[in-house]
Amino acid sequence: MEPNCSLPPELLREIISFHIFQNITLVDTKHVGSSKPSWQLFSSLSLASKILRTLVLEAWFATLCVRRSEDLLDKFMPFPEIKTWTREIHFMQWTEDSRSWSLEGFTRVKKIRIDCSKTDIVPPKFLSGLVISNDIEVEIRNLYWPSPLVAQCISRMFPKLKVLRLRQARTWCGLCHTCCVPEFHHPVPKSIRYEDGTGLPAHYALAFSSLAHLETIHIMVGILESGKTTLGSGKGQNPNLWSGECDRCMEIMYEDETFKREWVAKKQNVTVKPPMLSTVEWSFLPKEEFESSVLSDDDEEEEDA
Ligand SMILES: [Zn+2]
């Protein structure tokens with residue numbers, strides 16, 4: 001007999017979502033692998049009653065982890081409602097083939113996460129056929145060579161992108177036009193934040209300028225603390241408005257005070273950028289810590305559909 005459950009479904013849904021959210025927070029410290037906690041944490045709850053089972057499954061499939069194109073097809077889904085339950089799709093290893101995968105029917109998706117292969121040494125090929133037109137948050141991890149070319153691809157693929165999160169070992173230096181591991185003199189703050197739409201390498205700002213809905217960009221990068229230049233974090237610090245420049249360029253080119261003044265003024269008065277962009281936040285992790293989290297495998301190959 002079905003146990004008598006006196007709590008309304010909406011409240012139960014909130015409790016279950018909170019339970020999942022707490023466990024996802026723990027899982028999220030890894031840069032790779034499933035973004036879902038173990039099903040074992042929920043299986044007993046799902047057996048308690050029919051309504052709890054439905055609500056647990058709905059919450060569980062709010063995030064859909066995808067490894068193969070088949071994972072997105074109706075005929076391979078264990079429940080027909082999954083496409084309407086899913087709010088986030090996590091592509092666990094993006095490959096060239098992934099470009100042709102079908103997202104048809106996922107009408108309520110609010111977030112896409114793409115994990116690039118850690119062995120890729122060329123920029124991943126997003127796009128062509130696949131264009132997501134909803135207002136959406138996108139997270140891309142482990143871009144090996146995050147050049148402005150990749151930023152252009154992201155812009156084409158997600159024309160209504162609202163929030164962008166990047167986690168990568170390198171970033172783009174707008175002075176020498178290469179990707180580099182940021183390097184500073186110790187100590188380095190955990191993050192720096194811009195609230196006026198500045199803070200991006202100019203080439204990124206240009207590449208993202210067509211994104212009329214883009215409001216927020218978070219970039220997490222691995223860093224070295226063996227550099228020559230200091231990056232402040234408190235009020236009145238970060239005087240050079242660091243925006244991805246490599247240590248070598250700053251060391252050499254900032255020697256010229258006139259150049260430095262003009263370069264910083266140019267960053268402060270950037271005109272070509274996403275029109276709605278306000279927040280640009282950079283978070284820093286020591287390079288070893290960043291790399292070990294990428295390499296720490298991971299993937300309990302369990303029921304993490
Ligand atoms: Zn440079």
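A crossover between two strands is right-handed if, with the strands pointing away from the viewer, the path from the first strand over the helix to the second runs clockwise. The model used in these exercises is predicted.

**Exercise 1. Find which elements make a right-handed β-α-β unit.**

Solution.
- Step 1. Start with strand 4, residues 136–141.
- Step 2. Move on to helix 5, residues 148–157.
- Step 3. Finish at strand 5, residues 161–168. Strand 4 and strand 5 pair in the parallel sense, over six bridges.
- Result. Strand 4, helix 5 and strand 5 make the right-handed unit. One pair to look for across the two strands is Arg 141, which stands opposite Arg 167 in strand 5.

**Exercise 2. State how confident the prediction is along the chain, and where pLDDT is below 50.**

Solution.
- Step 1. Take the chain average: a pLDDT of 82.
- Step 2. Take the share of residues that score at least 70: this is 82%.
- Step 3. Go to residues 296–304, where the pLDDT is below 50. This stretch has 15 contacts in the model beyond near neighbours in sequence.

**Exercise 3. Describe the chain in overall terms: how many helices and strands, and what share is buried?**

Solution.
- Step 1. Count the elements: nine helices and ten strands.
- Step 2. Look at burial. The chain has 305 residues, and 33% of them count as buried.
- Step 3. Look at the contacts between residues at least 6 apart in sequence. Of these, 77% join residues at least 24 apart.

**Exercise 4. Give the strand order of the eight-stranded open sheet, and name the strands at its edges.**

Solution.
- Step 1. Read the order across the sheet: 1-2-3-4-5-9-10-8. The pairing is mixed.
- Step 2. Find the edges. Strand 1 (63–66) and strand 8 (191–194) each have a single partner strand, so one side of each is left without a neighbour in the sheet.
- Step 3. Add the twist, which averages 10 degrees from one strand to the next.

**Exercise 5. Follow the parallel pairings from strand 3 to strand 10, with a bridge partner from each pairing.**

Solution.
- Step 1. Strand 3 (residues 111–116) pairs with strand 4 over five bridges, in the parallel sense. Lys 111 has Glu 137 of strand 4 as its bridge partner.
- Step 2. Strand 4 pairs with strand 5 in the parallel sense. Here the pair is Arg 141 and Arg 167.
- Step 3. Strand 5 and strand 9 (residues 216–223) are parallel, with six bridges. Arg 165 is partnered by His 218 in strand 9.
- Step 4. Strand 9 and strand 10 (residues 279–286) also run parallel, joined by eight bridges. Val 221 has Phe 284 of strand 10 as its bridge partner.

**Exercise 6. Explain why the buried residues of helix 3 line one face, and why those of helix 5 are on the same side.**

Solution.
- Step 1. List the buried residues of helix 3 (residues 50–60): Leu 52, Leu 55, Val 56, Ala 59 and Trp 60.
- Step 2. Look down the axis of helix 3. Its buried residues fall within an arc of 135 degrees, so they line one face of the helix.
- Step 3. Turn to helix 5. Val 150, Ala 151, Ile 154 and Ser 155 are buried there.
- Step 4. These residues of helix 5 cover an arc of only 145 degrees around the axis, which puts them on the same side of the helix.
- Step 5. Look for the cover. Helix 6 (202–207) is included in what covers the buried residues of helix 5.

**Exercise 7. Classify Lys 260, Glu 70 and Arg 248 as buried, partly exposed or exposed.**

Solution.
- Step 1. Recall the cut-offs: 20 or more other C-beta atoms within 10 Å for buried, 12 or fewer for exposed, and partly exposed in between.
- Step 2. Lys 260 is in helix 8 (residues 257–268). There are 15 other C-beta atoms within 10 Å, so Lys 260 is partly exposed. Leaving aside neighbours within four places in sequence, Lys 260 is in contact with Asn 240 and Tyr 254.
- Step 3. Glu 70 lies in the loop between strand 1 and helix 4 (82–85). With 11 other C-beta atoms within 10 Å, Glu 70 is exposed. Glu 70 and Ser 102 are 32 residues apart in sequence, and 9.4 Å apart in space, C-alpha to C-alpha.
- Step 4. Arg 248 belongs to helix 7 (residues 247–253). Arg 248 has 17 C-beta neighbours inside 10 Å, so Arg 248 counts as partly exposed. From Arg 248 to Gly 227 is 21 residues in sequence and 8.3 Å in space, C-alpha to C-alpha.

Technical notes
Residues are numbered from 1 along each chain as its sequence is written. This is a predicted model: local features need pLDDT of at least 70, side-chain atom pairs count only at pLDDT 80 or more; totals for chains, interfaces and linings use all residues. pLDDT is the predictor's confidence in each residue, from 0 to 100. Two residues are in contact if their C-beta atoms, placed from the backbone, lie within 7 Å. Helices (H or I, at least four residues) and strands (E, at least two) are DSSP runs, numbered from the N terminus. The arc is that of the directions from the helix axis to the C-beta atoms. Two strands pair if DSSP finds at least two bridges between them. Axes are lines fitted to C-alpha atoms, for helices over the stretch in contact, and angles run from 0 to 180 degrees between N-to-C directions.
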